[in-house]
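Q: I am new to this structure and would like a close look at one part of it. Could you walk me through the place where the chains meet, step by step?

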2 protein chains.
Amino acid sequence: MRACRRQAVDATPVWFMRQAGRYMAEYRAVRAAHSLLEICKTPALAAEVTITAAERLGVDAAIIFADLLLPVEPMGMRLRFQQGEGPLLESPLRDEAAVARLASGPTVAAQLGYVAEAIRLVERHFGGRLPVIGFAGAPFTLASYMIEGGSSRHFVGVKTLIYRLPKVWAHLMEKICGVLEPYLLAQVDAGAAAIQLFDSWVGCLSLDDYVEFVLPYSERLVRAVEQRGVPVIHFGTDTASLLPAMERASASVLGVDWRIPLDEAWAKVQHRPAIQGNLDPAALLAPLPELRRRVEAVLKRAGGRPGHIFNTGHGILPETPVENVIATVEIVHQFTHHG
Amino acid sequence: MRACRRQAVDATPVWFMRQAGRYMAEYRAVRAAHSLLEICKTPALAAEVTITAAERLGVDAAIIFADLLLPVEPMGMRLRFQQGEGPLLESPLRDEAAVARLASGPTVAAQLGYVAEAIRLVERHFGGRLPVIGFAGAPFTLASYMIEGGSSRHFVGVKTLIYRLPKVWAHLMEKICGVLEPYLLAQVDAGAAAIQLFDSWVGCLSLDDYVEFVLPYSERLVRAVEQRGVPVIHFGTDTASLLPAMERASASVLGVDWRIPLDEAWAKVQHRPAIQGNLDPAALLAPLPELRRRVEAVLKRAGGRPGHIFNTGHGILPETPVENVIATVEIVHQFTHHG
């Protein structure tokens, strides 16, 4: 939490995106008995996998176990997860009528109360020893799934909707914000010490499109959360050219992937926010000496600047050996320890 | 050709990656009777689709119709194209022995003589009125297909091979260069006025990995071609952070995608090479007024600098209306005409 505010720390804090996930035997054991959505919607289970991962790894924060796509269900879309195929949304949005039919507002967000409840359980377990991070998908990334119906390579559906029906796009983004804002504030009320906004796929856009069609909505959510005194980690991948624009959304922390060296990331921003990143998650599959070299290279690029939070540049990959994740935490703490 | 050398031009030249492709009825008619590999390996057919596309669109260069992956066959790998699935390479490379078995050298490149022959036919057809662009996949992108066995999302196979077996990686890159160098020089001998080196997937790497594991090999190929007085267009996507390093390979032209505004691309390079790009290919699916706005936005970022070559930031998408591609050529020529 001190790093989010660019204050001095004993050692660089570290956590990982998708730190509770398929790469970990304890998680696979829970998944053997429950679907992904069951775990998300059962606060005791979501809290359990969150806590187990954080304790096993020795990280400095516990990100709540949830899925980016949970908000689409109460908005009126059907969501399925197919084995090895990623998420599938039925009847993806293609026109004005489909967007008009979507539900929005605090009553929709209230149906996601199980996430806040899981945060409450984790917060109670750690009793302040470890901060709990809440999260949501950012409006663009969520909209991209709702329009493409799943993951996408070229984002042709979302881009053509923006080009052809810019008012429908604006309406969709308003509706998404109308759910995400109360959803995130409920997570804050439940005890989230920080919020990460995942704009995972925003790097498919040009700078001009980002500024015109995405930034105002992300900014609205960042400001709503930060007004409560809770820092936002504003994360995206492929954002080397977007970073100065993303900074205008005024989050305390910018999360970047490995495609931009950390010293260049700092050089690109005006107000020196905290920066989170940016080990290539594939590096966690390297032999230990090579992994150590790569972790230290990230830390050298960070150069001990106040406000560095160590993380991977994207989620941990399923084939990652858990020992390598634990070793990374130790390397970061040892390398940066000041006392 | 003058733009490649940053000399003054009457109007900004324009061509498109994958300008002969599935979006065009004339191409689909040829494909109905022949497989992709048959077209590539029959110089008369490859020349026909190349010429038809260039003439239909009114572009300023004809890129030879071929496939990035052709060199893997004489190197000893089996290549298939599955309907809607992209390329599949059988027995992808995973260890030292597999790399050791690969063939390399001029005799391997000689088996790709059908590409040079097609270039000769196109060059003869245009008789100097339109330059013919030859091309190859850059060593990293080619290696990534050979290791992953096809397209990839996270490039985990290629990255872990680099981490675990850096000497095997170096050996693979040497073998690939040993084929690509004579392959590209044969294209030059056949009349290619410029060569594009497609490092389409290199943007998955961090800057440090690019410099250590990729740059020396790309540089070798660029220098071999440019020593013959033929400019190289060194293209990649997601290269915002890699651009200053890519420039060190010393190609006359850097090709960039839409993720980096063109004025920022120029600001990142020292020696002011020509720059090619960078309309988002999805913009070709926009209604005409919106397409015009987007084409003009690219031209405004280019700001009339000598050495701008207009192109999309990646290949034309199959669902693109051909009229929009033709309109784009006209917009670029009209907007930048100086006479």
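A: Here is a walk along the contact between chain A and chain B, with a few stops inside the chains afterwards.

Please keep in mind that this is a predicted model: local features need pLDDT of at least 70, side-chain atom pairs count only at pLDDT 80 or more, and totals for chains, interfaces and linings use all residues. Residues are numbered from 1 along each chain as its sequence is written, chains are lettered from A and ligands numbered from 1 in the order in which they are written, and side-chain values use heavy atoms, with hydrogens and water left out.

Let's start with the contact as a whole. Chain A gives 40 residues to it and chain B gives 40 residues, where contact means heavy atoms within 4.5 Å. Between them the two chains bury about 3200 Å², and 48% of that is on carbon and sulfur atoms; buried area is the accessible area (1.4 Å probe) that two parts lose on being put together, summed over both.

Polar links also cross here. The rule finds 18 residue pairs in polar contact across the interface, both residues of each pair being at pLDDT 80 or more. (A polar contact is a pair of N or O atoms within 3.5 Å; within protein, one must be able to donate a hydrogen and the other to accept it, and residues adjacent in sequence count only if both atoms are side-chain atoms.) Ten salt bridges cross the interface too, each one a side-chain nitrogen of Lys or Arg within 4 Å of a carboxyl oxygen of Asp or Glu. On the side of chain A that touches chain B, the elements giving two or more residues are α9 (156–164), α11 (207–213), α14 (262–268) and α15 (288–302). These names come from DSSP runs, numbered from the N terminus: helices are H or I with at least four residues, strands are E with at least two.

Now for some individual pairs. A:D209 and B:R294 form a salt bridge, with their closest N and O atoms 2.8 Å apart. A:D209 sits in helix α11 of chain A and B:R294 in helix α15 of chain B, so this pair joins two chains. A:D209 has a relative accessible area of 7% and is buried, and B:R294, at 9%, counts as buried as well. Here buried means under 20% relative accessible area, exposed over 50%, and partly exposed in between (1.4 Å probe, protein chains only).

With the chain letters swapped, B:D209 and A:R294 also meet in a salt bridge, at 2.8 Å from N to O. B:D209 belongs to helix α11 of chain B and A:R294 to helix α15 of chain A, so this pair joins two chains as well. Both B:D209 and A:R294 are buried. One further bridge links B:R301 with A:D208, at 2.5 Å from N to O.

Helix α15 of chain B also holds a bridge within itself. B:E296 and B:R292 form a salt bridge whose closest N and O atoms are 3.8 Å apart. The two residues lie four places apart in that helix, about one turn. B:E296 is buried at 19% relative accessible area, whereas B:R292 is partly exposed at 35%. Elsewhere, salt bridges that share partners join A:D238, A:D257, A:R259, B:D238, B:D257 and B:R259 into one network. Over all chains, the structure holds 38 salt bridges.

Next, the nonpolar side of the picture. The largest nonpolar core has 286 residues, and those with the most contacts inside it are A:M146, A:W169, B:M146 and B:W169. Such a core is a set of buried Ala, Val, Leu, Ile, Met, Phe, Trp, Tyr and Cys residues joined through side-chain atoms within 4.5 Å. Leaving aside neighbours within four places in sequence, B:M146 is in contact with several residues, including B:V72, B:M75, B:L102 and B:I176.

Our last stop is the loop between α8 (139–148) and α9 of chain A, where A:S152 is found. A:S152 is buried, with a relative accessible area of 14%. A polar atom of its side chain lies 2.9 Å from the backbone nitrogen of A:F155.
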